[in-house]
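This report describes the chains one at a time and then the contacts that join them. Selected residues are treated along the way.

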Amino acid sequence: MPADVQGDRLSSSIATELNTRGWDWYVDRVVSIGVFAGGVSAIIFIIGIFVFVTREGLDFALGSLDLKEFFTSINWRPTSERNPTYGILALMTGTASVTGLAMLVSVPFSLGAAIYIAEFASGRTRESLKVLVELLAAIPSVVWGFIGMSIMNPLIIEMFDVPVGLSVLNAGVILGLMAAPIMTTIAEDALKAVPDSYREAAEAMGATRWQVIFRVVLPAAKNGLMAAILLGVGRGFGETMAVLMASGHAINIPTSPFDSVRAITATIAAELGDTARGSDHYGVLFTLGIFLFVITFIINLIADVVVKGVGRQK
Amino acid sequence: MVDNAPKLSVRNLSVRYGDKQALNGISLDVFPNEIFGIIGPANSGKTSFLRALNRMEEFDPNMTVEGDILFEGQDITAIRNVYALRRKVGVVFPLPVGLPMSIYENVAFAPKLGGIKKKAELDEIVERCLIRAALWDEVKDRLNALGSLLSGGQQQRLTIARALSQNPELLLLDEFSIAVDPVTTMRIEDVLKELKEEITIVLVTNLVQQARRLADRTAFFLESELVETAETEELFSGVVKDQRTRDYVEGRFG
């Protein structure tokens, strides 16, 4: 057989191989379409929720609702027959005070726990602590609410000699303990992401453990720590059941931690079942929903800007 | 030139990581104001030797160190203030580690830990160390930029400046030229030759020729053992006690 004929046959078999799609190609296509569908569906769901909540609430919010009264009045009387008023100032301060106290409780606890797990604990201790923290994060919120009602309530009454134990203090502590595990997990991930070479370099220069953590590790992890804290804030704003059970659910602008308050989320949960679809009360509850949505969106936006702003320097 | 008491005296030093022996019964002396080279193939225990000198076993629960390490006559395994030791012993790692802070803060880090607070004093230290590390001219206009933005070679000189900022008695260099281009390597080598007037340097390198250019005396490590220590020129001119040393420096195995 002449050499050039052999060459032709060889190149034609390569050409066939180059132009035949194998099984892998089809699998690859199917997987990428599936992943694409999954990604898009998440966006569609979020837009869908937003559209639905807005549609139910926006007509009322832009139509018959007095926006000035909505934001500045403390009178929330949606069920009054003669003169219903829809002021959410007390609800806003309720949510803000509970969330604020919850942050005071959870930030030091979760950062402390994260620093201990990431920097000091080792081996068994570390692993069992991580499992335990994740277990804590999985406790349902109604259980936390129950703890607030049946354990914290009498405890607060006895300790501080106050008539009611369902208050900002109770809900704030419960919410703080509830948010701390997930904040710990995220903060710990952020600390673990700081390369060990930084720690070794700093320690090799004679820095103590404490100096290494404060001057090198925490600054290097600040993006992730910020994300953890904002996640906790978001959790505080959005939490419903535990706050409903522990806060006393009384419309009130708190002047001390022992005052009962009512949160925005708890109001929606408690009242939506009793409203007629399309009524003003129904509409105002959805307006509250839009309001929560906007707040969460702003928090996320701030988180994004903070993280990117810090990231840019790198 | 080696007529005074040794700066560093190591006797029967063994290092283990778990069950794995990394160094086995090393004894050697390093004298003041010399560059002491350590050569040897990968996994011969060179880096473990440096780690032991800075009490780095405390970072690694797996690492155990046995034997005596006398620094200025003090047994460092028995001293009370390990942080003070580390301030006297500067380390430069194989891959440059720019701490996530500005160039200025990188160099001012150790002096600040040491309690220096005055801005003027810190400014002076930062400038002096950056000049000695041959980096000042390139960074003097952007001292507030992040250290990690510098190129690999610049970062390595930054870590040298940082190691100098604590006025070390002893400078340990671990394969500093791995991530550095040849021109920068030459510049750093010039810096080291000047530095040895003031301090003592232990240079671990896997570039045999680098040891030849810089070191006054050189030790050859092989498979966790010290094969021999000799005047560098003797080692390279073939006056060696051990055939393995000759083979290694002439590039016949490794």
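## Report on the two chains

Leaving aside neighbours within four places in sequence, Phe60(A) is in contact with Leu65(A), Tyr86(A), Asp280(A), Gly283(A), Val284(A) and Thr287(A). The model from which these contacts come is a predicted one. Phe60(A) belongs to helix α2 of chain A, which covers residues 23–62. With a relative accessibility of 8%, Phe60(A) counts as buried, since the cut-off for buried is under 20% relative accessible area. The C-alpha atoms of Phe60(A) and Ser279(A) are 9.1 Å apart in space, although 219 residues separate the two in sequence.

A second buried position in chain A is Thr267(A), with a relative accessibility of 0%. Thr267(A) is part of helix α12. Apart from neighbours within four places in sequence, Thr267(A) is in contact with Trp76(A), Leu91(A), His249(A), Arg262(A), Leu272(A), Leu285(A) and Leu288(A). One of these partners, His249(A), has a positive phi, near 55 degrees, and is not a glycine. His249(A) sits in the loop that runs between α11 (241–246) and α12 (264–271) of chain A. As background, most residues other than glycine have a negative phi.

### Overall dimensions

Chain A contains 13 helices and two strands. Its radius of gyration is 28 Å, whereas a compact globule of 314 residues would have one near 20 Å. The C-alpha trace of chain A spans about 105 × 60 × 35 Å along its principal axes. In chain A, 68% of the contacts with a separation of 6 or more are between residues 24 or more positions apart.

Chain B has ten helices and ten strands. The radius of gyration of chain B is 18 Å, close to the 18 Å given by the globule rule for 254 residues, so chain B is as compact as a globular protein of that length. Along the principal axes, the C-alpha trace of chain B spans about 55 × 40 × 35 Å. Residues 24 or more positions apart supply 66% of the contacts in chain B that have a separation of 6 or more.

The table lists burial, surface and charge values for each chain.

| Property | Value |
|---|---|
| Buried residues, chain A | 39% of 314 residues |
| Buried residues, chain B | 56% of 254 residues |
| Accessible surface, chain A | about 17500 Å², 67% from carbon and sulfur atoms |
| Accessible surface, chain B | about 10900 Å², 47% from carbon and sulfur atoms |
| Charges, chain A | 21 positive and 26 negative, mean positions 4 Å apart |
| Charges, chain B | 31 positive and 38 negative, mean positions 4 Å apart |

### Nonpolar cores

In soluble globular proteins, nonpolar side chains tend to be buried together. In this model the largest nonpolar core has 58 residues, and those with the most contacts inside it are Leu191(A), Leu13(B), Leu28(B), Phe49(B) and Phe109(B). The element that gives the most to this core is helix α9 of chain A (residues 209–220), with six residues. A second core, separate from this one, has 36 residues, among them Tyr104(B), Leu122(B), Ile125(B) and Ile201(B).

Phe109(B) has contacts in both chains: not counting residues up to four places away in sequence, it touches Ala202(A), Met205(A), Ala207(A), Arg215(A) and Val216(A), as well as Leu99(B) and Met101(B).

### Helix α1 and a loop of chain B

Phe49(B), listed above for the largest core, is also one of the buried residues of α1(B). The others are Lys46(B), Ser48(B), Leu50(B), Arg51(B), Ala52(B) and Leu53(B). Helix α1 of chain B (residues 46–53) has seven of its eight residues buried, so this helix is largely enclosed by the rest of the structure. Arg55(B), which follows α1(B), has a positive phi, near 55 degrees.

Another positive phi in chain B, near 60 degrees, is that of Ala134(B), also a residue other than glycine. Ala134(B) is in the loop between α4 (119–132) and α5 (136–139) of chain B. With a relative accessible area of 17%, Ala134(B) is buried.

Note on methods
Residues are numbered from 1 along each chain as its sequence is written. Chains are lettered from A and ligands numbered from 1 in the order in which they are written. This is a predicted model: local features need pLDDT of at least 70, side-chain atom pairs count only at pLDDT 80 or more; totals for chains, interfaces and linings use all residues. Side-chain values use heavy atoms; hydrogens and water are left out. Helices (H or I, at least four residues) and strands (E, at least two) are DSSP runs, numbered from the N terminus. The radius of gyration is taken over C-alpha atoms; the globule rule is 2.2 Å times the number of residues to the power 0.38. Buried means under 20% relative accessible area, exposed over 50%, partly exposed in between (1.4 Å probe, protein chains only). Contact means heavy atoms within 4.5 Å. Accessible areas come from the Shrake-Rupley method with a 1.4 Å probe; for residues, only the protein chains shown count as cover. Lys and Arg count as positive and Asp and Glu as negative; His and the chain ends are not counted. The place of a charge is taken as NZ of Lys, CZ of Arg, CG of Asp or CD of Glu. A nonpolar core is a set of buried Ala, Val, Leu, Ile, Met, Phe, Trp, Tyr and Cys residues joined through side-chain atoms within 4.5 Å.
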